[in-house]
Amino acid sequence: MNPMSIRDAINSSPRESFSTNEPLSVVGVCLDEDTWTVLKQFAESAPLIRLRSHLSEYRVQETDSASDWLGDPPPDICLVDFDRDRRRAAMAAENIHSAAPETAVFAVSTDAQPDLIIQAMRSGCSEYLLKPMGREQLLNAVARVGGRRRERTQPFRAQVLAFMGAKGGCGVTSVVTQLGALLANSFSKKTLIVDLHPDFGDAALYLGLTKYRYHFFELVENNDRLDAELLQSFLARHPSGLELIPAPEGNDTPRRILPGAVAQTFDFLRMRYDYILVDMPPGLSDENLEMIRHCDQLHMVTVAEVSALRNVVRHLDYLTRKEIPRERFRVVLNRHQKRGLISDGEIEKTLGQRIFWKVPNQYAHVVKAINGGDPVAQLATSEVTKSLKDLASNLGAKPAGEKKGEKKKESSGFLGLLGR
């Protein structure tokens, strides 16, 4: 999916009415006289926006401070005219988006060629307004910004739990999909999995979900336009109630993610879920580091192998040097065997940290769940599910229907098996 098709989806969708107690501040950059006149008339007739200033030149140097030329605090909306100099306009838009990520950047132009619209979107513009700028298209664009600002005032809800393997093959996706399905089904928690792999992520495959259109990095690219309605088109839904934002299929071109975009996207997602589980690829890419800084807990998933344990130590040392609090790290030992070649004590001595959780080794059961695409049904009676159910309780989840002080009743049938 490209930015143009997302834009079309947004503009064709009905919008709820927009109202705000405080008007949105607006700065114009190199707007022609007719467009600036339309803006002034709109501001005078509807108390939705307040014009702050009109800048007569593009600022494209990295040394230019956004607060110096946009003002402090940054405006809610910045309209950039792309007709005078498209190259400099794109550079200015990118600088604004990078320096003031909460400012919505609108491109304004007479040219509606799709490749030019996409270029503007990739520069950080959240809207592409055509001249002569009509009241209706301006109202709709402003309403979307106002809606996002209103949502940002709501308190965050979800715990964001990141899971990263010490190396490939440690079973991160298995743990995440099984725990996520369990939280959604047995605990009735609104749960989302985000597959953060830049390509070839397997979370959708493990859940048997094949019908989805878009992936997480497209969502991040369009975080400036993100609202509840747009989010729905990115979600794949599992019968357990679990929701997933999948990874790219692997044939997409590499994406350049602007600094802060991942954190902004998760700030939005936090307001809509109880738990967000992030399936991260191994390694310390910029996106991974941003995710680690933003999450509530980082679960390092490892197995009892020398190479994997060495990588855990290296990761923890590196992240500590990056001033990420060590108490945020939790070591999860997957495929745990009570009589393994390397004892739990030796592992903890090597890591310099206690093992937070041990997931038992039931490889045949897990493979069966992967092949069946339904971790809830396939693993209902396994020791793996019992362990992950206890982990869910440790994370603060309570079984559905269980009240404080109430003795848990024996249940039968499919959900009863999950509760054992």
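**View 1. Helix 7 has the span expected of its length.** Helix 7 covers residues 172-185. Helices here are DSSP runs of H or I with at least four residues, strands are runs of E with at least two, and both are numbered from the N terminus. At 1.5 Å a residue, the 14 residues should span 20 Å. That expected span is 1.5 Å times one less than the number of residues. The end C-alpha atoms of helix 7 are 20 Å apart, which agrees. Helix 7 is also mostly covered, with 14 of its 14 residues buried. Buried means under 20% relative accessible area, exposed means over 50%, and partly exposed lies in between (1.4 Å probe, protein chains only).

This is a predicted model, so local features need pLDDT of at least 70 and side-chain atom pairs count only at pLDDT 80 or more, while totals for chains, interfaces and linings use all residues. Residues are numbered from 1 along each chain as its sequence is written, and side-chain values use heavy atoms, leaving out hydrogens and water.

**View 2. Five strands form an open sheet with parallel pairing.** The strand order is 2-1-3-4-5. Two strands pair if DSSP finds at least two bridges between them. Strand 2 (49-55) and strand 5 are the edge strands, and each pairs on one side only. Neighbouring strands of this sheet are turned by 25° against each other on average, direction ignored. Helix 2 (residues 33-45) packs on the sheet. Helix 2 touches strand 1 (24-29), strand 2, strand 3 and strand 4. Contact means heavy atoms within 4.5 Å. The direction of helix 2 makes about 155° with that of strand 2. Such angles run from 0 to 180 degrees between N-to-C directions of axes, which are lines fitted to C-alpha atoms, for helices over the stretch in contact.

**View 3. Strand 4 is covered on both faces.** Strand 4 spans residues 104-109, and six of its six residues are buried. In a regular strand the side chains alternate between the two faces of the sheet. Ala 104, Phe 106 and Val 108 lie on one side of strand 4. Val 105, Ala 107 and Ser 109 lie on the other. Strand 4 pairs with strand 3 (residues 77-81) in the parallel sense over five bridges. Here Cys 78 has Val 105 as its bridge partner. Strand 4 also pairs with strand 5 (residues 125-130), again parallel and over five bridges. Phe 106 stands opposite Glu 127 in strand 5. Val 108 stands opposite Leu 129 in strand 5. From strand 4 the chain crosses through helix 5 (residues 114-122) to strand 5, in a right-handed β-α-β crossover. Right-handed means that, with the strands pointing away from the viewer, the path from the first strand over the helix to the second runs clockwise. Strand 3, helix 4 (residues 86-99) and strand 4 make a right-handed β-α-β unit too.

**View 4. Cys 78 and Cys 125 are not bonded to each other.** The structure holds zero disulfides (pairs of cysteine sulfur atoms within 2.5 Å). The closest cysteine sulfur to that of Cys 78 is in Cys 125, 9.1 Å away, too far for a bond. Cys 78 is buried, with a relative accessible area of 0%. Cys 125 is buried as well, at 1%.

**View 5. Eight strands form an open sheet with mixed pairing.** The order is 8-9-7-10-6-11-12-13. Strand 8 (236-237) and strand 13 (355-360) stand at the edges. Each has a single partner strand, so one side of each is left without a neighbour in the sheet. Strand 7 (residues 191-195) and strand 9 (residues 243-245) pair in the parallel sense over three bridges. Val 194 has Ile 245 of strand 9 as its bridge partner. Helix 17 (residues 383-394) lies across strand 12 (329-336) and strand 13. Helix 17 runs at about 150° to strand 13.

**View 6. Ala 158 sits in a loop between helix 6 and strand 6.** Helix 6 is 135-152, and strand 6 is 159-165. Ala 158 is buried, with a relative accessible area of 4%. Not counting residues up to four places away in sequence, Ala 158 touches Arg 270, Tyr 273, Asp 274, Tyr 275, Ile 276 and Asp 296. Ala 158 and Leu 277 are 119 residues apart in sequence and 9.8 Å apart in space, C-alpha to C-alpha.

**View 7. Helix 11 is largely enclosed by the rest of the structure.** Helix 11 covers residues 261-270, and eight of its ten residues are buried. Among them are Phe 266, Phe 268, Leu 269 and Arg 270.
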